[in-house]
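Here is a walk through one protein chain for someone meeting it for the first time. Have a look at the picture, then read on.

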Amino acid sequence: MEFQIEKNIFLKGLGKIQGIVEKRNTIPILANVLIEATNNGEIQLTATDLEVGMRANYPAQVEKTGKITVSAKKIYEIIKELPETIISFKSKENCWIEIRCGKAVFNIVGLAADEFPNFPTAEETKFLKIDCSKLNSLIEKTALSMATDESKYNLNGIFFNIISEQEKYFLRLVATDGHRLSQIDHCIEQTNIDDLFDGVIFPRKGIIELKKLTDESEGYIEIGIKDNNAVISKDKTLIVMRLVDGDFPDYKRVIPKNNMHDVVIPRNDFLHVLKRMSILTSEKSRAIKISLTLNNINISSSNPELGESHEDLGVDYSGPEMIIGFNVRFMIDILQIQQCENIIIKLNDNISPGIIVPDDNDDYLSVIMPMRL
């Protein structure tokens, strides 16, 4: 195998698969990237950890077709430091690889391509097409509630579900870690993926890679389900991720139905107050106390080892006086991803979950469990 490729193209391709390759070295070949030179003037880079995989094609001048695997980390480090010019890549006997760029020459050892696991194809997959920037926003507003505790395996991801309401169809994303929940709906016209009506859980690692793909892309992206895998297609990039094998909790039971007391708060002002109050919260609990009176909210925090703080903020509130505790980190996370002028906190009492919604969008909500003060 032999090809020449521009450094920035090769580096970009290798950079995209760095988050996917296996880092625990339980199976050595999974730390490698499969490089294939094809006869249509492209090279194909493939990486997988058997849970999430990515395959992408890039333009190159192919002198001789073939394929080989090499350490994804090492070749990325090498290419990153080479001059900004054309790179020559050549596989030789016994899986040795020669990389030339300018006057620099590297000879590194690889592994045979036939040891690399098979990568699923997207053939016969039905896709749901969605705008890249919209999917990016949907993920951003729900991913913050994904669990990070691996023992809660069915919460380590985002639940994708197609629902119908008032003769319209929506793609709904839901995530929860047991302390907070985020839900967002997006109206869709396609409903050709039966698995999404029952709902599937995209794994946390796959969500991170999907978010990266939508960060840097424009246009449309396609989402499909095939053989217990989610298949993501965007131009010449294909991501395949194994769906989480578990049942997502009945999230609808977590969302309060009778929170009748609304607090309308200027989002930006509230965000800065929360950041100030968070300085003196306990590192363990991160609790703040919120005291509500007529058209006023008082936010306070205390730390026995550091001191205490409090601040008032004018709001639109006419409900009963109430004192309730919340995790300040959770509230800051929600406010930071919103662009609305005001947010609305919907409360019932000081022991029931609160709901936070933007004042300009009915499709998004977050639920936060109260804390004992």
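How many helices and strands are there in the chain? The count comes to seven helices and 25 strands. Keep in mind as you read that this is a predicted model.

## The chain as a whole

Let's begin with the overall dimensions. Measured out along the principal axes, the C-alpha atoms fill a box of roughly 80 × 55 × 35 Å. The chain has 373 residues, and buried ones make up 53% of them. About 18,600 Å² of the chain is exposed, with carbon and sulfur atoms supplying 45% of that area.

How does the chain fold back on itself? Take the contacts between residues at least 6 apart in sequence: 65% of them join residues at least 24 apart. As for charge, the chain carries 43 positive and 55 negative charges, and the mean positions of these two sets are 5 Å apart.

## How confident is the prediction?

The mean pLDDT of the chain is 94, and 100% of the residues reach 70 or more. Among the elements, helix 4, covering residues 195-198, has the lowest mean pLDDT, at 92. At the other end, strand 18 (residues 261-266) has the highest, at 98.

## Around helix 1

Lys16 is a good place to start, and you'll find it in helix 1. Is Lys16 buried or exposed? Lys16 counts as buried because its relative accessibility is 16%, and the cut-off for buried is under 20%. Setting aside residues up to four places away in sequence, Lys16 touches Met54, Tyr58, Glu209, Leu213, Glu216 and Thr237. With one of these, Thr237, there is a polar contact from side chain to side chain, at 3.4 Å.

Now move along to Gln18, in the loop between helix 1 (7-16) and strand 2 (32-37). Gln18 is buried too, with a relative accessible area of 17%. Which backbone oxygen does the side chain of Gln18 reach at 3.0 Å? That one belongs to Leu14. The backbone oxygen of Ala72 also comes into play, lying 3.1 Å from a polar atom of the Gln18 side chain. Ala72 turns up again in the list of residues that Gln18 touches beyond four places in sequence, alongside Lys23, Lys73 and Tyr76.

## Two loop residues with positive phi

Next up are two residues with a backbone feature to look for. Asn94 has a positive phi of about 60 degrees, although it is not a glycine. Asn94 lies in the loop that runs between strand 7 (86-91) and strand 8 (96-101). Asn94 counts as exposed because its relative accessibility is 68%, and exposed means over 50%.

Where does Gln166 lie? Look in the loop between strand 11 (157-165) and strand 12 (168-176). Gln166 is not a glycine either, yet it has a positive phi of about 50 degrees. Gln166 also counts as exposed, at 78% relative accessibility.

## From Gln166 to Ile188

Gln166 also gives you a reference point for finding Ile188. The two are 22 residues apart in sequence, and their C-alpha atoms are 13 Å apart in space. Ile188 sits in strand 13, which covers residues 180-188.

Is Ile188 buried or exposed? Ile188 is buried, with a relative accessible area of 9%. Leaving out neighbours within four places in sequence, the residues in contact with Ile188 are Leu128, Ile162, Tyr169, Phe170 and Leu171.

## Asn156 and its surroundings

Finally, turn to Asn156, placed in the loop between helix 3 (132-143) and strand 11. Asn156 is buried, with a relative accessible area of 11%. What does the side chain of Asn156 reach at 2.7 Å? It reaches the backbone oxygen of Asp149.

Asp149 is one of several residues in contact with Asn156 once neighbours within four places are left aside. Ala147, Thr148 and Glu150 are among the others, and so are Phe202, Pro203, Arg204 and Val244. To see how Asn156 sits relative to another part of the chain, look for Met322, which is 166 residues away along the chain. The C-alpha atoms of Asn156 and Met322 are separated by 34 Å.

Note on methods
Residues numbered from 1 in each chain as written. Heavy atoms only, no water. Helix = DSSP H or I, 4+ residues; strand = E, 2+ residues; numbered from the N terminus. Buried < 20%, exposed > 50% of the residue type's maximum accessible area, 1.4 Å probe, protein only. Contact = heavy atoms within 4.5 Å. Areas by Shrake-Rupley, 256 points an atom, 1.4 Å probe, with all protein chains shown as cover. Lys, Arg positive; Asp, Glu negative; His and termini not counted. Charge placed at Lys NZ, Arg CZ, Asp CG, Glu CD. Polar contact = N/O pair within 3.5 Å; in protein donor to acceptor, adjacent residues only side chain to side chain. pLDDT = per-residue confidence, 0-100.
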